[in-house]
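Hi,

Here is the structure I promised to pass on to you. Have a look at it first, and then read my notes below.

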Amino acid sequence: MSTPAIEAVSLTKEYDNGRGCRNVTITVGKGEAFGFLGPNGAGKSTFVKMLVGLIHPTAGSATLFGHKIGTLEAKGQMGYLPELYRYQEWLTGEEVVRLHARLCRIERSVADKRIPELLQEVGIGQRGKDRVKHYSKGMQQRLGLACALVNDPAILFLDEPSSAMDPIGRKEVRSLLEKLKGRGITIFLNSHLLGDVESLCDRMALLNNGEILRHGKVNEILNKRKSWLFKVGGYSPVLLSWLNEFTGLFLKLAQPNDISGQHVQDESIVWLEAELEHEEQVGWITRLLMEQGMILYEVSRQKEHLEEWFMNEVSGLNHRGEAE
Ligand SMILES: Nc1ncnc2c1ncn2[C@@H]1O[C@H](COP(=O)(O)OP(=O)(O)OP(=O)(O)O)[C@@H](O)[C@H]1O
């Protein structure tokens with residue numbers, strides 16, 4: 001088996017106040033995109049800061065491509081966009097990226113070619129000669145992405161990479177990340193933008209109060225809940241109770257906002273929703289509905305989105321977050 005991009009074993013950072021993150025064990029394969037989710041204060045940034053060598057773990061260990069975290073060998077493999085970034089506002093965008101290139105010991109001729117390309121790629125190609133103090137927050141975040149990419153990293157750590165951007169900027173960053181993933185770069189993404197995690201990441205972990213609560217493949221996690229919708233005519237509440245009693249399932253009326261963009265005019269036409277274990281049950285229900293004289297207009301599978309999954313997972317949890 002090839003060396004994983006990240007291997008963390010019981011990685012722990014306990015701050016003096018007892019907060020931080022505890023016992024995080026994960027493996028991220030080369031070329032994978034990994035999403036790290038959790039409510040505010042769950043410990044996501046703390047974990048990333050340990051991996052990039054900014055803070056020392058209080059217990060456990062981790063490697064990047066087989067190199068111990070914190071070593072030059074590990075740092076040489078990575079690019080990092082911190083959550084709270086701040087660049088020298090008296091420098092121009094180009095100069096900031098050049099400074100990062102020098103810190104990474106990149107030859108001048110290579111940097112000369114790469115810097116304008118990178119600025120172009122992150123969408124501030126026309127503004128490279130402007131001083132950072134004239135950049136908007138979104139442009140500074142784009143600049144941060146260019147800095148993170150300057151050493152052509154094998155792994156990219158991104159802590160909320162588009163938090164300062166408008167919807168257009170976020171969309172552009174999403175496509176850039178898709179492109180980088182396509183080039184084989186491993187991506188570790190801390191994000192509250194669950195749609196981005198859903199579309200980009202292969203696997204994910206959910207952190208709460210510093211500990212991993214769930215982890216796994218994004219599509220497997222989202223496929224676990226198998227909800228189906230049946231659009232039927234000739235509905236009556238009596239028929240619904242009979243159906244539930246007969247099948248032992250829990251069919252219910254779907255709320256209109258569960259079915260985005262679908263408007264039903266006629267009140268005798270409704271959407272029924274059921275969570276089914278097996279796909280064969282769809283045929284069975286369909287037959288029963290028709291046998292009871294209902295008209296079946298449509299059957300569709302309701303895909304759960306990461307947003308709903310996240311809300312279900314964290315609701316009711318005792319989340320310490322930022323509370324005292
Ligand atoms: N230097 C520090 N000293 C003490 N406590 C800290 C320190 N840095 C973070 N914490 C606390 O550790 C916990 C985890 O913080 P962290 O920033 O890692 O969370 P996060 O999941 O990244 O949050 P967010 O989504 O808001 O960025 C929080 O309770 C935070 O207040």
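**What I found**

Let me begin with one helix: G138, M139, Q141, R142, L143, G144, L145, A146, C147, A148 and L149 are the buried residues of α5. Please keep in mind that this is a predicted model. Helix α5 covers residues 137-149, and 11 of its 13 residues are buried, so "mostly covered" is a fair description by the cut-off of 20 or more other C-beta atoms within 10 Å. What lies over those buried residues? The cover includes β6 (78-81), α3 (93-103), α4 (108-121), β7 (155-159) and α6 (167-182). The length of α5 also checks out: at 1.5 Å a residue its 13 residues should span 18 Å, and the end C-alpha atoms are 19 Å apart, which agrees.

A residue that belongs with this picture is V122, in the loop between α4 and α5. Is V122 buried or exposed? It counts as buried because it has 24 C-beta neighbours inside 10 Å. Leaving aside residues up to four places away in sequence, V122 touches R142, L145, A146 and L176. Of these, R142, L145 and A146 are among the buried residues of α5. By contrast, Q77 is 45 residues from V122 along the chain, and their C-alpha atoms are separated by 20 Å.

**The chain as a whole**

Stepping back, the chain has 11 helices and 14 strands. Its C-alpha atoms fill a box of roughly 75 × 45 × 45 Å along the principal axes. Of the 324 residues, 34% are buried. If you count contacts between residues at least 6 apart in sequence, 69% of them join residues at least 24 apart.

**The six-stranded sheet**

Two of the strands that help to cover α5, β6 and β7, also belong to an open sheet of 6 strands, ordered β6-β7-β8-β3-β9-β10 with mixed pairing. The edges are taken by β6 and β10 (211-217); each has a single partner strand, so one side of each is left without a neighbour in the sheet. From one strand to the next, the twist averages 15°.

Strand β9 (residues 203-208) is a good place to see the mixed pairing. With β3 (residues 33-37) it pairs in the parallel sense over 4 bridges, whereas with β10 the pairing is antiparallel, over 6 bridges. L206 takes part on both sides: it is the bridge partner of L37, and it stands opposite R214 in β10. Another pair to look for is R203 with its bridge partner K217 in β10. Strand β9 is mostly covered, with 5 of its 6 residues buried. Between β9 and β10 there is a hairpin with 2 residues in between, and N209 in the turn has a positive phi of about 45°.

**The four-stranded sheet and the ligand**

A second open sheet has 4 strands in the order β2-β1-β4-β5, and here the pairing is antiparallel. At its edges stand β2 (20-28) and β5 (67-68), each with a single partner strand, so one side of each has no neighbour in the sheet. Strand β1 (residues 6-14) is joined to β2 by 6 bridges, and one pair to pick out is E7 with T27 in β2. Helix α1 lies across β1, β2 and β4 (59-64), running at about 120° to β1.

Helix α1 (residues 44-51) matters for the next item too: with 3 residues, it gives the most to the shell around the ligand. How many residues surround the ligand? There are 14, and the closest are Y15, R19, N40, S45 and T46. By class, the shell has 2 nonpolar, 8 polar and 4 charged residues.

**Further along the chain**

Finally, have a look at β13 (residues 270-275), which runs antiparallel to β11 (residues 227-233) and is joined to it by 6 bridges. In that pairing, S227 stands opposite E275. Strand β13 also pairs with β12 (residues 252-253), again in the antiparallel sense, over 2 bridges. There, K252 has E273 as its bridge partner.

Enjoy looking through it!

Best wishes

Technical notes:
Residues are numbered from 1 along each chain as its sequence is written. This is a predicted model: local features need pLDDT of at least 70, side-chain atom pairs count only at pLDDT 80 or more; totals for chains, interfaces and linings use all residues. Two strands pair if DSSP finds at least two bridges between them. The expected span of a helix is 1.5 Å times one less than its number of residues. A residue is buried if 20 or more other C-beta atoms lie within 10 Å of its own, exposed if 12 or fewer, and partly exposed in between; C-beta atoms are placed from the backbone. Two residues are in contact if their C-beta atoms, placed from the backbone, lie within 7 Å. A residue is near a molecule or strand if its C-beta atom, placed from the backbone, lies within 6 Å of it. Ala, Val, Leu, Ile, Met, Phe, Trp, Tyr, Cys and Pro count as nonpolar, Asp, Glu, Lys and Arg as charged, and the others, Gly among them, as polar. Axes are lines fitted to C-alpha atoms, for helices over the stretch in contact, and angles run from 0 to 180 degrees between N-to-C directions.
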